[in-house]
Amino acid sequence: MRVPQPEGTKGSLKWLQRAVERRPDLLALPGLPDIRWLSPLRADDFAEYRDAAFLERLGRGHLAPELATFWPRGGPQWDALGLAGDRPVLVEAKAHVGEFLSPASQAGPASQARIEAAFAAVQADLGALPRADWTRVFYQYANRLAHLWWLHRQGVAAQLCFVSFRGEADPGIAGPEHAETWEAVFALADHVLGLPARHRLSRHIHHLTPPVAALG
């Protein structure tokens, strides 16, 4: 699914659009080639992509049938997509901690069973010992990790990048000023999800904390 977006006026929507358009250097990943951004782009209605459409956008449309087997429709809607050389880059962006505290899965019984099976496979492979149900706590974070895992199972060297902006000053929803705050948030999520400190996907997961002051 292709989902056009308005030009952002606040929060992560605003800052990620600006970063891609004006300051892609802030989104560079150490050790990887410069990223060619495929979304969100002004010329493409700042669209975001999910399900088979995100694979098409990345030039991996042939994997759509396998994705449909792994995960039900309505999977992650990626905030940004790019290519670092031939490696897909998947981005989830946040500007305040409340955005990270996603609700539980709202899937129906059949879809829920598939999601639980997918999570069980990921947990077993990564050596996770969950302290809470992944479908109920930090669900959005968990399903992004699951999709990274699935892509690697398909032989795709994808990279998952969490962009956590610093200094969001939207009235009433001010975001963290310091990278350490975001580090603590992710550390808590990893603890609750039972992820080991190092696992087979660790080197493919990146954390960036750009300041919004650098984006005007």
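This section describes strand pairing, two helices and an enclosed cavity in a predicted model.

One open sheet in the model consists of three strands, arranged in the order β1-β3-β4 with antiparallel pairing. Its edges are formed by β1, at residues 2-3, and β4, at residues 77-78, each of which pairs on one side only. The contact between β1 and β3, the latter spanning residues 48-50, is antiparallel and comprises two bridges. Within this pair, Val3 has Glu48 of β3 as its bridge partner.

A further set of pairings involves β6, at residues 87-94. Strand β5, covering residues 80-84, pairs with β6 in the antiparallel sense through five bridges. In this pairing Ala84 lies opposite Arg87 of β6. The two strands form a hairpin with two residues between them, and Gly85 in that hairpin adopts a positive phi near 70°. Strand β6 also pairs with β7, which comprises residues 159-164; these two strands run parallel and are joined by six bridges. Val91 has Cys161 in β7 as its bridge partner. Burial of β6 is extensive: seven of its eight residues are buried, so the strand is largely enclosed by the rest of the structure.

Helix α6 occupies residues 139-153. Its end C-alpha atoms are 21 Å apart, which agrees with the 21 Å that its 15 residues should span at 1.5 Å a residue. The helix is mostly covered, with twelve of the 15 residues buried. The buried positions include the aromatic residues Tyr139, Tyr141, Trp149 and Trp150. Asn143, Arg144 and His147 of α6 are buried as well, as are Ala142, Leu145, Ala146, Leu148 and Leu151. After α6 comes Gly155, which has a positive phi near 85°.

Both β6 and α6 take part in enclosing a cavity, as they are the elements that give two or more residues to the lining of the largest cavity. The model contains one cavity of 30 Å³ or more, and the space within the largest cavity is about 30 Å³. Its lining is made up of Glu92, Lys94, Phe100, Gln140, Tyr141, Arg144 and Phe162. Of the contributing elements, α6 gives the most, with three residues. By residue class, the lining comprises three nonpolar, one polar and three charged residues. Two of the lining residues, Tyr141 and Arg144, are also among the buried residues of α6.

Helix α7 runs from residue 179 to residue 193 and has 15 residues. The distance from its first C-alpha to its last is 21 Å, close to the 21 Å expected at 1.5 Å a residue. Ala179, Trp182, Val185, Phe186, Ala189, Val192 and Leu193 are the buried residues reported for this helix. These residues lie on the same side of α7 because they cover an arc of only 160° around the axis. Glu180 and Glu183, on the other side of α7, are exposed.

Definitions and conventions:
Residues numbered from 1 in each chain as written. Predicted model: local features only at pLDDT ≥ 70, side-chain atom pairs only at ≥ 80, totals over all residues. Heavy atoms only, no water. Pairing = 2+ DSSP bridges. Helix = DSSP H or I, 4+ residues; strand = E, 2+ residues; numbered from the N terminus. 1 Å grid on protein atoms, 1.4 Å probe; cavity = no way out; pocket = protein on both sides within 12 Å on 5 of 7 lines; lining within 4 Å. Points joined across faces, edges and corners; volume = space filled by probe spheres on them. Nonpolar A, V, L, I, M, F, W, Y, C, P; charged D, E, K, R; others polar. Expected span 1.5 Å × (residues − 1). Buried < 20%, exposed > 50% of the residue type's maximum accessible area, 1.4 Å probe, protein only. Arc of directions from axis to C-beta.
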